[in-house]
Amino acid sequence: MQTIILAGGEGKRVFPLAVNRPKPMFKILGKPLIHHVIDTLKEAGLKDYVVVVGHQGEHIKNYLKDGSKLGVNIDYTVQKEPLGMADALETAKGLAEDHFFVVNGDDIFESFLIKQMINRFKDENAEIVLSCKPVQETWKFGIIRVEDEKVTDFVEKPPKGREPSNLAVVGVYILPKRIFDHYKRIPVSDHQYEDAMLHFIKDGNVAKAVNYDGFFAGYKYPWDLFTINKHLMDGQLTEQTVEEGAEVSERATVEGRVWLGRGAKVLEGACIRGPCYIGENSVVGGNSLVRDYSSLGRNCVVGFSTEIKHSLIGDDCWFHMNYIGDSIISDNCLFGAGTVTANFRFDEENVQVRIGDKKVDSGTNKLGAIIGDNCKTGINSCLEPGVKVGPQSMVGPNVDLQDDLEPRKIIFVDKNSYVTKENKIAVSSESKKQLMKKLKNTGQ
């Protein structure tokens, strides 16, 4: 069966991570999300795809090409404006088969879901097959009602107390080509896609649902990447792997499920505690520590005395005497010595992140900085929990960044904040001698 992969959205909610690339091109374990999606679909036996691209779509085309290197067949359509899922799917109408799968290019799930849905489609003559799982926060999802094994209602993000059930739709669908006729009858909106399916069902067409109990995560907000990363690492990093040309010093420590890419180097005194992924030609320098589901891209340098904990790092990033915790850092970033990403609030409450014009609860009390491409920080700068730095921006020396920094901006500490006075405090060499004596006598 054919699969239509929707990959044309702008990704405003994941700013600044999708400014210079489409959302599905964010890399985890050295591969873009859309590559992981195709691997899952291929494992389930699906090999023919139509990929709908839009914002920065050339990145996807240049990476996937015709799919031959991945062992699949790929055609493309273009969504010229981000007008929602229904509009994106409409662009593929001319290439669509009688029935087809629809998935998002950055949703991660397990291959057995596809097999379950194909079996339900073949065995029960359904026109539409949905997948669902029970949830508590029904107002966040598309919710369906199932009666006598048929889907009878579909409401997108119903108000509390008015939900038809607790069954949330997982973002994988089997749809018929006839669905396109129903899009024309539904006004354009954020939920036109779901409304058209409900209209199709109310017209007397048979829709079935598969109860899915496996992993599913969508990349809607930046912090969703941590959930996806953990799932992929747990599934793919099953043992320690050292690729050709990778080198580990005899005085370094590499523990647990760690993947060292081709040409990577781990220098003396360094410690890597898996699960972790170190991309090709990256260097983990002396006395540094990388741990707890951290992922580094290609050509990175983790300089002396740097700690990276539970963070996702892009390609060509350089660090020196830094602490990076629970953070997401895009390509080609450079941190000055002493830069710290604070990742834990004083009140220990969940970290709030500004998305558009409102603050959104990240759902975790451990979240560091979210940084776009080509950014730099000066020495001893601090980035507070949940702050975002736009691409091509710089955080100057000694700055405590407490609010988001827009793209192509530089923030410095105002020199007027400093006070210069006459120094009346003498530096005594005698006091140093007395202190040295105490140090030498310690432990005797």
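Buried means under 20% relative accessible area, exposed means over 50%, and partly exposed lies in between. The exercises below concern a predicted model, in which a search of the whole structure finds 21 salt bridges.

**Exercise 1.** Determine whether Arg 21 and its salt-bridge partner Asp 373 are buried or exposed, and state where in the chain they lie.

*Solution.* Begin with the contact itself, in which the closest N and O atoms of Asp 373 and Arg 21 are 3.1 Å apart. Next, locate the partners: Asp 373 sits in the loop between β34 (370–371) and β35 (376–377), whereas Arg 21 sits in the loop between β1 (2–7) and β2 (27–28), and the two are 352 residues apart. Then apply the cut-off: Arg 21 has a relative accessibility of 13%, so it counts as buried, and Asp 373, with a relative accessible area of 5%, is buried as well. Finally, note that Arg 21 and Asp 373 belong to a network of salt bridges that also includes Asp 331.

**Exercise 2.** Classify the accessibility of both partners in the salt bridge between Arg 262 and Glu 244, and place them in the chain.

*Solution.* The side chains of Arg 262 and Glu 244 meet at 3.2 Å, N to O. As to position, Arg 262 is found in the loop between β17 and β18 (265–266), and Glu 244 in the loop between β14 (241–242) and β15 (247–248), 18 residues apart. Arg 262, at 44% relative accessibility, counts as partly exposed, whereas Glu 244, at 62%, counts as exposed because the cut-off for that class is over 50%.

Note on methods: Residues numbered from 1 in each chain as written. Predicted model: local features only at pLDDT ≥ 70, side-chain atom pairs only at ≥ 80, totals over all residues. Heavy atoms only, no water. Salt bridge = Lys/Arg side-chain N within 4 Å of Asp/Glu carboxyl O. Helix = DSSP H or I, 4+ residues; strand = E, 2+ residues; numbered from the N terminus. Buried < 20%, exposed > 50% of the residue type's maximum accessible area, 1.4 Å probe, protein only.
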